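This report walks through selected strands, hollow spaces and aromatic pairs. Keep the structure open while reading.

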Amino acid sequence: MSAFLKDGLARNYLAGAWVEGDGGARIAVEDPGNGQHVGDCALAGEETLAKALEAARASFERGDLSAMKPARRGQLMQRIAAEIRGIADEGAELLCRESGKSLSAAHDEFEEAAQYFEYYGGMADKIEGKSIPLGPDYADYTVYEPYGVSAQIVPWNFPVSIAARSLAPAMAAGNSVIIKSPELDPMALAMLGVALERAGVPAGAVSILNGIGAELGARLVESPAVDQIVFTGSVPTGQAILRAAANPVTPALMELGGKSAAVAFEDANLDTLMSSLQSGIFYNAGQVCSAMSRVLVHRSIYGEAVERAAALANGLSVGHGLENPGLTPVISARQLDGIETLTATARQSGARAASGGARLEREGYFMAPTILADVDPAARVAQEEIFGPVLVMIPFDSEEEAIAIANDTPYGLSAYVQTGDSARAARVARALQSGMVNVNGAFLAAGSPFGGVKMSGIGREGGREGILEFLETKVIAAP
């Protein structure tokens, strides 16, 4: 595995080379499924960051990617996709062990990463401006240009695929990129550098640095050498980054989580709803920004829906990710404590635990799959992002009431509609304050724009909208 991982130490990918941390600094990485030591990660500090920024700027000024013919840039992206698949088996096992997710989900993550590079590789030679008709005596047209150095801070829940979601369009657009990996599970993401190295990415065009968010991440976003910031994570951290970006006026692309609602009407197919719940709230132990964390059910079918949801939760197998169970652990002891505390507060306030409600007493960090019924829409558990396998269920009586409850949170990332009435589905989808709406179990792919409204973020990733986020528009006018 080249020089990436030796003696259990994951190194930083700095301008085409593998380097240790500043002064030998490192952090231990543990397996959430059993608390065992997975390996150590070399921590980058100010010295390593300065070298990465210098290399990224030099690469951009040389035009390593931006001056490369678009078709060749697309071919490079396709090679990266192939190399990602080449490391997928080893990378998926490492990701499973350090993040706690199932082995199958880890494989899916590497496959999704490869698909992002394929998708944007096909788009690299299709970045086209337009001609603006001002009459026969004028030429007025637009061109798209890369920002320069894109700083990207990646979360721990899907580190490999979310990194690819930003890295692929940034590279296709011709930017240089510095990625700050999550400290809880940095090893598989650092391994992405192996694919970049093998594909022949120019040295300096991409660096992947391991570091603490409050330290390395803060230094990165404050740097005047950065031309764009991309962040996926919590609202408070996103707000801090936006404040830091205000001084140098650095453009920022933000995906800040959600409290997504599913609205199930009286004609909803409950089999489809249960299938959606299994993936929507229990996949990756509910640690998904677009998780189906609130389900609003018409009162006429509410009781049956709660009973079936509880049966689904109680029937899930629980275990280490290598076993591919129905429910895996959450990422850390701290995460588990927060989930359990918020759930206990909800129960004390009148919510009914139809299933679960507390941590599982076993090795690792496991929260019981939990269904909270009869929840007050204004309760904390219905307003705040839990980021765990906890589903909130709320009854409603009318379409207007359902829409009002669904929209009554600070978030607006994703929403779900379950109904057999296509006209109502379209009407409610338009009324929901959300960047994405899934109807009757539909799902999104690399070609779909991903992002939210309100406090869920700024901008879109994925699809054509995703590559435009990494480009600036220039208009050229001449007589």
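A262 stands opposite V295 in β14. This is a predicted model, and that contact is a good place to start.

**Strand β14 and its neighbours**

The A262 site belongs to a parallel pairing: strand β13 (residues 261–264) is joined to β14 by four bridges. Strands of a sheet pair through backbone hydrogen bonds, either parallel or antiparallel. Helix α9 (residues 270–280) takes part too. Together, β13, α9 and β14 form a right-handed β-α-β unit.

β14 has another partner. It pairs with strand β17 (residues 390–396) in the parallel sense, over five bridges. There, R294 has V392 of β17 as its bridge partner.

Is strand β14 (residues 294–298) enclosed by the rest of the structure, or open? Five of its five residues are buried, so β14 is largely enclosed by the rest of the structure. Burial means under 20% relative accessible area. In a regular strand the side chains alternate between the two faces of the sheet. In β14 both faces are covered. R294, L296 and H298 are buried on one side, and V295 and V297 are buried on the other.

**Cavities**

How many cavities of 30 Å³ or more does the structure hold? There are four. The largest has a volume of about 90 Å³. It is lined by 15 residues, and R294, A406, Y411, S414 and Q433 are the closest to its centre. R294 thus appears here as well as in β14, where it is buried. Helix α13 (399–407) and strand β18 (414–418) each give at least two residues to this lining. By class, the lining of the largest cavity divides into six nonpolar, seven polar and two charged residues.

The second largest cavity has a volume of about 70 Å³. Its lining counts 14 residues. Nearest its centre lie A291, S293, E385, I386 and F387. Seven of the lining residues of the second largest cavity are nonpolar, five are polar and two are charged.

**Pockets**

The largest pocket holds about 1300 Å³ of space. Of its 41 lining residues, W156, G233, S234, T237 and Q335 are the closest to its centre. Four elements each supply at least two residues of this lining: α7 (213–222), β11 (228–232), α8 (235–246) and α11 (333–348).

The second largest pocket has a volume of about 1000 Å³. Its lining comprises 32 residues, with E112, V288, S290, F443 and L444 closest to the centre. The elements giving two or more residues to it are α4 (103–123), α5 (159–172), α9, β18 and β19 (436–439). Which element gives the largest share of this lining? It is α4, with six residues. Two of the contributors appeared above: α9 is part of the β-α-β unit, and β18 helps line the largest cavity.

The table sets out the pocket linings by class.

| Pocket | Nonpolar | Polar | Charged |
|---|---|---|---|
| Largest pocket | 22 residues | twelve residues | seven residues |
| Second largest pocket | 17 residues | eleven residues | four residues |

**Aromatic pairs**

A pair of aromatic rings is described by the distance of the centres and the angle of the planes. The whole structure contains five aromatic pairs. One of them joins Y13 and W18: the ring centres are 5.0 Å apart and the planes lie at 50°, so the pair is tilted. Y13 is buried, with a relative accessible area of 2%. W18 is buried as well, at 12%.

Another pair is Y119 and Y120. Their ring centres are 5.0 Å apart and their planes at 85°, so this pair is edge-to-face. Are these two tyrosines buried or exposed? Y119 counts as partly exposed, at 28% relative accessibility. Y120 is buried, with a relative accessible area of 0%.

**A four-stranded sheet**

One open sheet has four strands in the order β1-β2-β6-β5, with mixed pairing. β1 (5–6) and β5 (26–30) stand at its edges. Each has a single partner strand, so one side of each is left without a neighbour in the sheet. For β1, strand β2 (residues 9–10) is an antiparallel partner, joined over two bridges. Within that pairing, K6 stands opposite L9 in β2.

Definitions and conventions:
Residues numbered from 1 in each chain as written. Predicted model: local features only at pLDDT ≥ 70, side-chain atom pairs only at ≥ 80, totals over all residues. Heavy atoms only, no water. Buried < 20%, exposed > 50% of the residue type's maximum accessible area, 1.4 Å probe, protein only. Pairing = 2+ DSSP bridges. Right-handed = clockwise from strand over helix to strand, strands pointing away. 1 Å grid on protein atoms, 1.4 Å probe; cavity = no way out; pocket = protein on both sides within 12 Å on 5 of 7 lines; lining within 4 Å. Points joined across faces, edges and corners; volume = space filled by probe spheres on them. Nonpolar A, V, L, I, M, F, W, Y, C, P; charged D, E, K, R; others polar. Phe/Tyr/Trp six-rings, centres within 6.5 Å; stacked < 30°, edge-to-face > 60°.
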